[in-house]
Amino acid sequence: MGTVRVVLVDDEHLVRMALRLIVDGEPDLVVVGEAADGDAAVTVVGEQRPDVVLMDVRMPGRDGLSATEEILRLPEPPGVLVLTTFDSDEMVLGALRVGALGFLLKDTPPPRMLAAIRTVATGEPALSPAATSRLIAAATGPHSSDARRASRDNARGLLATLTDRERETAHAIAEGLSNTDVARRLEITVATVKAHTSSMLAKLGVENRVQIALLVRDAEG
């Protein structure tokens, strides 16, 4: 992979400045654009065609969820990493559901942030098990029991279309395991894990491993 092109989206200028300093300090990463709201984000991404977008979720005007949804409808869309302070978890969950590849806390240490950017640039999710647990816990907090039941029933119905081995793979993915770790647990090859994942994406009608993990969590709700 060549230089990873990054767009920064956050309504706070100082946050964007700090992110630019972190990203541009790396020889294989470059910031190619910035935006302070969702509308500007869609425009900048359309013009610059970056590999990765760091997307704030709560901004004046158009929010990051709506912008993420539109950006991911573009041909060959970038990977989206949503930024959060965990005061807007429902928006983060919504962004993951429409196809964002992960999320970062705004106070994530620079080495971890840079690693997440590089991971998403390859098309892989950037969700640590600890962060996933915190997000899911927040997302399954107080809200309509009817809505939660509907989500659970829908997820269980979709997962029922999988083979036993695919379901085992899905549950391992939901725990945040890498392909290598899944292969080790299930005593299969990494190539087989990838084959199971590709099959699940088609059967479940989702775009990435994050959405598989969310379906598993919904089914357990």
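**Exercise 1. The start of a helix**

Which residue caps the N-terminal end of helix 3? Find the residue, then work out which side of the helix is covered.

*Solution.* We are working with a predicted model, so let us read it step by step.

- Step 1: The cap is aspartate 63, with a side-chain oxygen 2.9 Å from the backbone nitrogen of leucine 65.
- Step 2: Now list the buried residues of helix 3, which spans residues 64–71: they are Gly64, Ala67, Thr68 and Ile71.
- Step 3: Look down the axis of helix 3. The buried residues fall within an arc of 100°, so they line one face of the helix.

**Exercise 2. Helix 2 from end to end**

Follow helix 2 from its start to the residue just after it, and say what its buried residues pack against.

*Solution.*

- Step 1: Helix 2 covers residues 38–48. At its start, a side-chain oxygen of aspartate 37 comes to within 3.1 Å of the backbone nitrogen of aspartate 39.
- Step 2: Gly38, Ala41, Val42, Val44 and Val45 are the buried residues here. Their packing partners are strand 1, strand 2, strand 3 and helix 3.
- Step 3: Threonine 43 also sits in helix 2. Its relative accessible area is 44%, and buried means under 20% while exposed means over 50%, so threonine 43 is partly exposed.
- Step 4: Try a distance. Threonine 43 and isoleucine 71 are 28 residues apart along the chain, and 9.2 Å separates their C-alpha atoms.
- Step 5: Just after helix 2 comes arginine 49, with a positive phi of about 45°. Arginine 49 belongs to the loop between helix 2 and strand 3, and is partly exposed at 37% relative accessible area.

**Exercise 3. An annotated aspartate**

Locate the residue that UniProt marks as "modified residue: 4-aspartylphosphate", and describe its surroundings.

*Solution.*

- Step 1: The UniProt record, an unreviewed entry, places this feature at Asp56.
- Step 2: Aspartate 56 is in strand 3, residues 52–56.
- Step 3: Is aspartate 56 buried or exposed? Its relative accessible area is 4%, so it counts as buried.
- Step 4: Leaving out residues up to four places away in sequence, aspartate 56 touches Val9, Asp10, Asp11, Gly64, Leu83 and Lys106.
- Step 5: Pick one of these partners, Asp10. Aspartate 10 lies in the loop between strand 1 (4–9) and helix 1 (13–24), and it is buried too, with 0% relative accessibility.
- Step 6: Beyond four places in sequence, the contacts of aspartate 10 include Asp56, Leu83 and Lys106, along with Val15, Arg16 and Met59.

**Exercise 4. The nonpolar cores**

Find the largest nonpolar core and name the elements that supply at least two residues each.

*Solution.*

- Step 1: The largest core has 25 residues. Those with the most contacts inside it are Val7, Val9, Val53, Met55, Val80, Val82 and Leu96.
- Step 2: At least two residues of this core come from each of strand 1, strand 2 (29–35), helix 2, strand 3, helix 3, strand 4 (79–84), helix 4 (89–97) and helix 11 (209–219).
- Step 3: Apart from this core lies another, of 21 residues, among them Leu8, Val23, Leu83 and Val120.
- Step 4: Zoom in on valine 82. Beyond four places in sequence, its contacts include Met55, Val57, Val92 and Phe103.

**Exercise 5. Two loop residues**

Compare where serine 178 and glutamate 187 sit, and classify each by accessibility.

*Solution.*

- Step 1: Serine 178 is in the loop between helix 8 (164–174) and helix 9 (179–186). With 33% relative accessibility, serine 178 is partly exposed.
- Step 2: Serine 178 is 54 residues from glutamate 124 in sequence, with 9.6 Å between the two C-alpha atoms.
- Step 3: Glutamate 187 lies in the loop between helix 9 and helix 10 (190–204). At 72% relative accessibility, glutamate 187 is exposed.
- Step 4: Glutamate 187 has a phi near 60°, a positive value in a residue other than glycine.

**Exercise 6. The whole chain**

Step back and describe the chain with a few overall numbers.

*Solution.*

- Step 1: The chain holds eleven helices and five strands.
- Step 2: It has 221 residues, and 46% of them count as buried.
- Step 3: Take the contacts with a separation of 6 or more: 67% of them join residues 24 or more positions apart.
- Step 4: The accessible surface is about 10,400 Å², and carbon and sulfur atoms account for 53% of it.

Methods
Residues are numbered from 1 along each chain as its sequence is written. This is a predicted model: local features need pLDDT of at least 70, side-chain atom pairs count only at pLDDT 80 or more; totals for chains, interfaces and linings use all residues. Side-chain values use heavy atoms; hydrogens and water are left out. Helices (H or I, at least four residues) and strands (E, at least two) are DSSP runs, numbered from the N terminus. Buried means under 20% relative accessible area, exposed over 50%, partly exposed in between (1.4 Å probe, protein chains only). Contact means heavy atoms within 4.5 Å. Accessible areas come from the Shrake-Rupley method with a 1.4 Å probe; for residues, only the protein chains shown count as cover. UniProt positions are given in the numbering used here, feature names are shortened, and annotations may be inferred rather than shown by experiment. The arc is that of the directions from the helix axis to the C-beta atoms. A polar contact is a pair of N or O atoms within 3.5 Å; within protein, one must be able to donate a hydrogen and the other to accept it, and residues adjacent in sequence count only if both atoms are side-chain atoms. A nonpolar core is a set of buried Ala, Val, Leu, Ile, Met, Phe, Trp, Tyr and Cys residues joined through side-chain atoms within 4.5 Å.
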